[in-house]
Every structure is written in C-alpha cells, then in structure tokens.
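Colleague: I am new to this structure, and I would like to go through the terms used for it one by one. Could you set each value against its definition as we go?

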Amino acid sequence: MKTIVVIEDELFFRKSVCKILEKQKDFQIVGETNNGLSGAEMIRDLNPDIAIVDISMPLMNGLEMIRQV
C-alpha cells in the first residue's frame, strides 16, 4: 500500500482528492494540509511514498516546498 499526503490550499479540492484516493485499496492518505510550510514538515515527519502538491499556496509555494524537502 502506498502512503500519500495531499498538500492543497483549496479545501474543496483537497477533500475531493482525498475522497477519491480513499476509495482506492492501494493508497492510504496519511496526512493533508493547506500550505507549503506545514506540508514540508509533514513530508519530513511522515515520509510518504507520494505527495500531491499544489503549486500556488500561502506561506510557501509548492515548488519551493519540494526544493526544501
């Protein structure tokens, strides 16, 4: 089973992505957050197999977050 974190500032989109992935037996959502700063921390703490990341987010954009992690 692959672990996933979803990092997206738009609540509706984030919840929709999580809902779709939760129906898949091969994936487990281990975390979700709404900004790049907490997303970087979450990736470091949880070490997921996959991170679904928005590019444009508050506090730190997705590209900068990926570079930092």
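Colleague: What makes the pair R14 and E32 a salt bridge?

Modeller: The term requires a side-chain nitrogen of Lys or Arg within 4 Å of a carboxyl oxygen of Asp or Glu, and the side chains of R14 and E32 meet with N to O at 3.0 Å, so the pair fits the rule. R14 lies in helix 1 (residues 11-22) and E32 in strand 2 (residues 27-33), so the bridge ties together parts that are 18 residues apart in sequence; helices (H or I, at least four residues) and strands (E, at least two) are DSSP runs, numbered from the N terminus. This is a predicted model, in which local features need pLDDT of at least 70 and side-chain atom pairs count only at pLDDT 80 or more, while totals for chains, interfaces and linings use all residues. Residues are numbered from 1 along each chain as its sequence is written, and side-chain values use heavy atoms, with hydrogens and water left out.

Colleague: With which other residue does E32 form a salt bridge?

Modeller: E32 also pairs with K15, the closest N and O atoms being 3.1 Å apart. This pair, too, links distant parts of the chain, with E32 in strand 2 and K15 in helix 1, 17 residues apart. By this rule the count comes to 2 salt bridges, and R14, K15 and E32 are linked in a network.

Colleague: Why is R14 called buried or exposed?

Modeller: Buried means under 20% relative accessible area, exposed over 50%, and partly exposed in between (1.4 Å probe, protein chains only). R14 has 10% relative accessibility and therefore counts as buried, whereas E32, at 28%, is partly exposed, and K15, at 42%, counts as partly exposed.

Colleague: Why does D54 count as buried?

Modeller: D54 has 19% relative accessibility, and so it counts as buried. D54 is found in the loop between strand 3 (50-53) and helix 3 (62-68). Leaving aside neighbours within four places in sequence, D54 is in contact (heavy atoms within 4.5 Å) with I7, E8, D9 and G62. An unreviewed UniProt entry places the feature "modified residue: 4-aspartylphosphate" at D54, although such annotations may be inferred rather than shown by experiment.

Colleague: What makes up the largest nonpolar core?

Modeller: A nonpolar core is a set of buried Ala, Val, Leu, Ile, Met, Phe, Trp, Tyr and Cys residues joined through side-chain atoms within 4.5 Å, and the largest has 8 residues in all: V5, I7, A40, M42, I43, M57, M60 and M65. Its largest share, 3 residues, comes from helix 2.
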